[in-house]
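Biologist: Could you take a close look at the second largest cavity and tell me what surrounds it? I would like one connected account, with the neighbouring features brought in where they help.

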Amino acid sequence: MRNIEIVEVGARDGLQNEKTLFSTEDKLKLINDAIAAGARRLEVASFVHPKRVPQMADAEAVIAGLDDNPDCTYIGLVLNKRGYFRALETKEGGRRGVDEVGAVAIASDTFADKNQGQTSSESVEISKDIVKLAKQDGLSAQVTISVSFGCPFEGAVEADKVLDMVKSIAEAEPREIALADTIGVGGPGQVTDLFNRVREAVPHIPFRAHFHNTRGTGIANAWAAYQAGVNILDASIGGLGGCPFAPKATGNIGTEDLVFMLERSSIETGLSLEKLITLTKWVSEKLGRPTPSAVSQAGAF
Ligand code: MG
């Protein structure tokens, strides 16, 4: 059995669509408690315009407040070069800042325009430029391909299109490439097929998978990705999440649901289910409603 690395995206993808604004202090508690539960790689903020995503307005303050934990990798999401330079600025004056930037390429033109004011091919070029800049600046960098399994505006996304994007992005040699089902429309067979194809085309770069459970297929898709050889999966505490620019997009797969499924399949994640469930209770109190993940409601076994 291979071990799985889970990237905790709760503080970014999890919160970005929430109307309840979390204070900087609350975000730091979320991040630190996730670390206490075993998370070691975490998406902590995104450098987008605060008018576009108000929940991310305090990105710099969150990053300045992070513990200087040598075991952790802190990721900042950047959609363009302006965002990249904001991420880089967090390191000025000898501060730790972000350890890694996550760039975003988009598999459809309409979503690329709505999400970040680019065409799909521009988003590929910009993400490659960001990887190159990050390398020069001594930062780790990876690229996520959004709407890889379907677009809310254009419908089906051809596997060949994603494959071409992967091949192009691979030229910049990012730390990894993620395929994201931003709106939760992928199915396990599609996931297996697409990951098999990209892994075969670009065997030297690791792949990460990012799923939303909008239509109930998230956990099945995570298992399909594992079966296709993917060792890195995104998940969000409590199953929070959504995308402000993707209609009806709801939660990411819940970290505790993913850990539960993997533990029940004898796969190590390094995360404590008990501590994750405790954290979901705090998140639920903050939001004034239950968190969407199954395990946060049903408990462990
Ligand atoms: Mg997402």
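Modeller: In this predicted model, the elements that each supply at least two residues of the lining of the second largest cavity are α1, α2 and β2, and among these helix α2, which spans residues 24-36, gives the most, with three residues. The space in question comes to about 40 Å³, and the residues that line this second largest cavity are Glu8, Gly10, Ala11, Leu30, Ile31, Ala34, Leu42, Glu43 and Ile237. Sorted by class, this lining holds six nonpolar residues, one polar residue and two charged residues.

The count for the model is two cavities of 30 Å³ or more, and the largest of them has a volume of about 270 Å³. Its lining is made up of 24 residues, of which Arg12, Gln16, Leu77, Asn115 and Ser146 are the closest to the centre. At least two lining residues of the largest cavity come from each of α1 (10-14), β2 (41-46), α5 (109-116), β5 (140-146) and β7 (207-211), and α1 and β2 also each supply at least two residues to the lining of the second largest cavity. By class, the lining of the largest cavity divides into 10 nonpolar, nine polar and five charged residues.

Glu8, one of the residues lining the second largest cavity, belongs to strand β1, which covers residues 5-8 and pairs with β8 in the parallel sense over four bridges; within this pairing, Val7 stands opposite Asp234 in β8. Strand β8 also pairs with β7, again in the parallel sense, over two bridges, and here Ala209 stands opposite Leu233 in β8. Between these two strands the chain crosses from β7 through helix α9, residues 218-227, to β8, and this β-α-β crossover is right-handed.

As for how β8 itself is packed, side chains in a regular strand alternate between the two faces of the sheet. In strand β8, residues 232-235, both faces are covered, with Ile232 and Asp234 buried on one side and Leu233 and Ala235 buried on the other. Asp234, which stands opposite Val7, is therefore counted as buried in the sense of under 20% relative accessible area, and Leu233, the residue opposite Ala209, is likewise buried, on the other side of the strand from Asp234.

Terms used
Residues are numbered from 1 along each chain as its sequence is written. This is a predicted model: local features need pLDDT of at least 70, side-chain atom pairs count only at pLDDT 80 or more; totals for chains, interfaces and linings use all residues. Side-chain values use heavy atoms; hydrogens and water are left out. On a 1 Å grid over the protein atoms alone, a cavity is a set of points where a 1.4 Å probe fits but cannot get out, and a pocket is an open set with protein on both sides within 12 Å along at least five of seven lines; lining residues have an atom within 4 Å of a point. Grid points are joined across faces, edges and corners, and a volume is the space filled by probe spheres set on the points. Ala, Val, Leu, Ile, Met, Phe, Trp, Tyr, Cys and Pro count as nonpolar, Asp, Glu, Lys and Arg as charged, and the others, Gly among them, as polar. Buried means under 20% relative accessible area, exposed over 50%, partly exposed in between (1.4 Å probe, protein chains only). Two strands pair if DSSP finds at least two bridges between them. A crossover is right-handed if, with the strands pointing away from the viewer, the path from the first strand over the helix to the second runs clockwise.
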